[in-house]
Amino acid sequence: YEVQRGNHFEIVIDLQNLRPTFDSTYAEAIRLCCTSVQIPDISIQAQPLRHGNEVVNVAGSPSWGNSSISVYDTIGRDMASLLQEWFWRVFNPETHTMGLVTSYKATASLYLYSPDASTFRKWVCYGIFPTNLNFGTYSADSGGQPVSISMQLAVDRTELVRHGGTAVGF
């Protein structure tokens, strides 16, 4: 068996459908600068039911955990401003207003490739939007390490799609 490697991935966040639209290079910048991404977990809450003197469990509603991404903060393409612009579409601290879902909720595709890129696994994450933005830590003792920005993302649901486009679980 060939083992899957965790560093052969890329994330594509579709920001083109948001209104007002983003500059077309935003999604490309995130894809190229992404250093880590978390696949949201899925869980099903057990729903207890009374059955005589006992309690039995049945499956309740599914829920998906949050995701997170980390990107390099680049100088040529200002990643801090880019991510802040998306975050401010959820809540704008200058106007103290919340944004409309159509202005901040997006879909993301996470691709995990084989070492020779001949096959891939794809997760589609629906209804993602930023819930936390962390611009990193600066230190004179960092030895020139790159600065990373991390962002927590709320996720409505995910879907694993096999190579060839057949859906798994739906």
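Before anything else, a word on how we count: helices are runs of at least four residues and strands are runs of at least two, both taken from DSSP and numbered from the N terminus. Counted that way, the chain comes to three helices and 12 strands. Please keep in mind throughout that this is a predicted model, and that every value I mention is computed from it.

Let me begin with the overall picture. The C-alpha atoms fill a box of roughly 65 × 50 × 40 Å, taken along the principal axes, and of the 170 residues in the chain, 31% are buried. To give you a feeling for distances inside that box, take His 51 and Gln 145, which are 94 residues apart in sequence and have C-alpha atoms 60 Å apart in space. His 51 belongs to strand β3, which covers residues 42-51, and it counts as exposed because its relative accessibility is 53%, where the cut-off for exposed is over 50%.

Now, is there any enclosed empty space in the model, and where is it? The structure holds one cavity of 30 Å³ or more, and the volume of the largest cavity is about 60 Å³. Two elements, β8 (106-113) and β9 (120-134), each give two or more residues to its lining. Among the lining residues are Ile 11, Val 37, Gln 38, Ser 67, Ala 108, Leu 110, Cys 125 and Ile 128. What is the character of that lining, nonpolar, polar or charged? Nine of the residues are nonpolar, two are polar, and none is charged.

Staying with strand β8 for a moment, we find Thr 107 there, and this residue counts as partly exposed, since its relative accessibility is 30%. Between the C-alpha atoms of Thr 107 and Gln 38 the separation is 15 Å, although their positions lie 69 residues apart along the chain, in the sense that they are 69 residues apart. Strand β9, for its part, contains Trp 123, which is buried because its relative accessible area is 13%, with the cut-off for buried being under 20%. The C-alpha atom of Trp 123 is separated by 22 Å from that of Trp 86, a residue 37 places away along the chain.

Next, the aromatic rings. As general background, a pair of aromatic rings is described by the distance of the centres and the angle of the planes. This structure holds four aromatic pairs. In one of them, the rings of Phe 22 and Tyr 26 have their centres 4.8 Å apart and their planes at 45°, so we call the pair tilted; the class lies between stacked, under 30 degrees, and edge-to-face, over 60. Both Phe 22 and Tyr 26 are buried. Another pair, Tyr 104 with Phe 129, is edge-to-face, with 5.2 Å from centre to centre and 65° between the planes. That pair links distant parts of the chain, given that Tyr 104 is in helix α3 (residues 101-104) while Phe 129 is in strand β9, 25 residues away. Tyr 104 is buried, at a relative accessible area of 12%, and Phe 129 is buried too, at 19%. In addition, Tyr 111, Tyr 113 and Phe 120 form one aromatic cluster.

Two of the rings also have a charged group placed over them. Which residue lies over the face of Phe 22? It is Arg 89, at 3.8 Å from the ring centre. Over the ring of Tyr 126 sits the charged end of Arg 157, 4.2 Å from the centre.

Arg 89 brings us to helix α2, where it is one of the buried residues, along with Met 79, Ala 80, Leu 82, Leu 83, Trp 86 and Val 90. The helix runs over residues 79-90, and at 1.5 Å a residue its 12 residues should span 16 Å, which agrees with the 18 Å between its end C-alpha atoms.

I will finish with two details of the backbone, both in loops. Arg 19 and Pro 20 are joined by a cis peptide bond, with omega about 0°, and Pro 20 is in the loop between β1 (9-14) and α1 (26-33). His 96, in the loop between β6 (91-92) and β7 (97-98), has a phi near 60°, a positive value in a residue other than glycine. Is His 96 buried or exposed? With a relative accessible area of 62%, His 96 is exposed.

Note on methods. Residues numbered from 1 in each chain as written. Predicted model: local features only at pLDDT ≥ 70, side-chain atom pairs only at ≥ 80, totals over all residues. Heavy atoms only, no water. 1 Å grid on protein atoms, 1.4 Å probe; cavity = no way out; pocket = protein on both sides within 12 Å on 5 of 7 lines; lining within 4 Å. Points joined across faces, edges and corners; volume = space filled by probe spheres on them. Nonpolar A, V, L, I, M, F, W, Y, C, P; charged D, E, K, R; others polar. Phe/Tyr/Trp six-rings, centres within 6.5 Å; stacked < 30°, edge-to-face > 60°. Buried < 20%, exposed > 50% of the residue type's maximum accessible area, 1.4 Å probe, protein only. Lys NZ or Arg CZ within 6 Å of the ring centre and 35° of its normal. Expected span 1.5 Å × (residues − 1).
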